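Here is a short set of exercises to work through with the model open beside you. Try each task before you read its solution.

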Amino acid sequence: LQQYKQRILRDLEFHGIDIVRLPMSEEDDEETIAEVTEIQRRLPFAIVGSNNLVKTPDGRIVRGRAYPWGVIEVDNENHCDFVKLRQMLIRSNMEDLRELTQLRYEKYRSDKLRSLGVIQDD
């Protein structure tokens with residue numbers, strides 16, 4: 001999985017595609033810095049999603065996907081990065097995500113309108 005992520009990162013860099021870099025400042029406490037560093041280390045995220053409950057070989061019922069070769073558990077950080085993604089989006093950086101989304105949408109909207117010949121106030 002780590003080799004695949006490295007390949008994706010190289011491809012993103014080669015094509016000039018930016019990925020999210022989480023904000024960190026000198027005022028952040030050690031716990032926040034460790035959390036941000038761990039999330040950043042896992043990029044790009046490998047995500048498996050499922051609302052289904054499945055039984056693992058050891059008898060536990062978990063949210064995941066069952067395959068002939070085994071079970072992928074959505075909430076198991078050894079199987080996928082869903083927990084870290086949720087933590088990043090919902091718990092830690094929701095306001096940053098809103099602001100960044102708004103900025104990117106406004107840039108897209110302005111570029112699109114300009115390409116259609118619509119003049120707008122800035």
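**Exercise 1. An aromatic pair**

Task: Find how many aromatic pairs there are, and decide whether the rings are stacked or edge-to-face.

Solution. Start with the count: this predicted model has 1 aromatic pair. The partners are Tyr 67 and Trp 69, with ring centres 5.0 Å apart, which falls inside the 6.5 Å limit for a pair. Next, compare the planes: they lie at 0°, and an angle under 30 degrees counts as stacked, so this pair is stacked.

Now look at how much of each residue is accessible. Tyr 67 has 34% relative accessibility and is therefore partly exposed. Trp 69 reaches 64%, so it counts as exposed.

**Exercise 2. A hairpin**

Task: Describe how strand 2 and strand 3 are joined, and say which way the residues of strand 3 point.

Solution. First, place the strands: strand 2 covers residues 61–67 and strand 3 covers residues 70–73. They run antiparallel, with 4 bridges between them. A hairpin of 2 residues makes the connection. For one of the bridges, take Ala 66, whose partner in strand 3 is Val 71.

Then follow the side chains of strand 3. Gly 70 and Ile 72 point one way, Val 71 and Glu 73 point the other way, and all of them are buried.

**Exercise 3. Two helices and the glycines after them**

Task: Check the lengths of helix 1 and helix 4 against the span expected at 1.5 Å a residue.

Solution. Begin with helix 1, residues 2–14. Its 13 residues reach 18 Å from first C-alpha to last, close to the expected 18 Å. Just after helix 1 comes Gly 16, with a positive phi of about 70°.

Move on to helix 4, residues 94–115. With 22 residues, helix 4 should span 32 Å, and its end C-alpha atoms are 31 Å apart, so the two values agree. Helix 4 is followed by Gly 117, which also has a positive phi, near 85°.

**Exercise 4. The largest pocket**

Task: Work out which element gives the most to the lining of the largest pocket.

Solution. Start with the space itself: the volume is about 270 Å³. The lining has 12 residues, and those closest to the centre are Val 20, Leu 22, Asp 96, Leu 97 and Leu 100. Two or more lining residues come from each of helix 3 (82–92) and helix 4. Helix 4 gives the most, with 5 residues. Finally, sort the lining by class: 7 residues are nonpolar, 2 are polar and 3 are charged.

**Exercise 5. Loops, a cis bond and distances**

Task: Locate the cis peptide bond, then decide whether Asn 78 and Ile 39 are buried or exposed.

Solution. The cis bond joins Leu 43 and Pro 44, with omega about -10°. Pro 44 sits in the loop between helix 2 (30–42) and strand 1 (53–55).

Asn 78 lies in the loop between strand 3 and helix 3. Its relative accessibility is 70%, so Asn 78 counts as exposed. From Asn 78 to Asp 18 is 60 residues in sequence and 26 Å in space, C-alpha to C-alpha.

Ile 39 belongs to helix 2. At 1% relative accessibility, it falls under the 20% cut-off and is therefore buried. Ile 39 and Val 62 are 23 residues apart along the chain, and their C-alpha atoms are separated by 23 Å.

Conventions. Residues are numbered from 1 along each chain as its sequence is written. This is a predicted model: local features need pLDDT of at least 70, side-chain atom pairs count only at pLDDT 80 or more; totals for chains, interfaces and linings use all residues. Side-chain values use heavy atoms; hydrogens and water are left out. The expected span of a helix is 1.5 Å times one less than its number of residues. On a 1 Å grid over the protein atoms alone, a cavity is a set of points where a 1.4 Å probe fits but cannot get out, and a pocket is an open set with protein on both sides within 12 Å along at least five of seven lines; lining residues have an atom within 4 Å of a point. Grid points are joined across faces, edges and corners, and a volume is the space filled by probe spheres set on the points. Ala, Val, Leu, Ile, Met, Phe, Trp, Tyr, Cys and Pro count as nonpolar, Asp, Glu, Lys and Arg as charged, and the others, Gly among them, as polar. Buried means under 20% relative accessible area, exposed over 50%, partly exposed in between (1.4 Å probe, protein chains only). Two strands pair if DSSP finds at least two bridges between them. Rings of Phe, Tyr and Trp (its six-membered ring) pair if their centres lie within 6.5 Å; planes under 30 degrees apart count as stacked, over 60 as edge-to-face and the rest as tilted.
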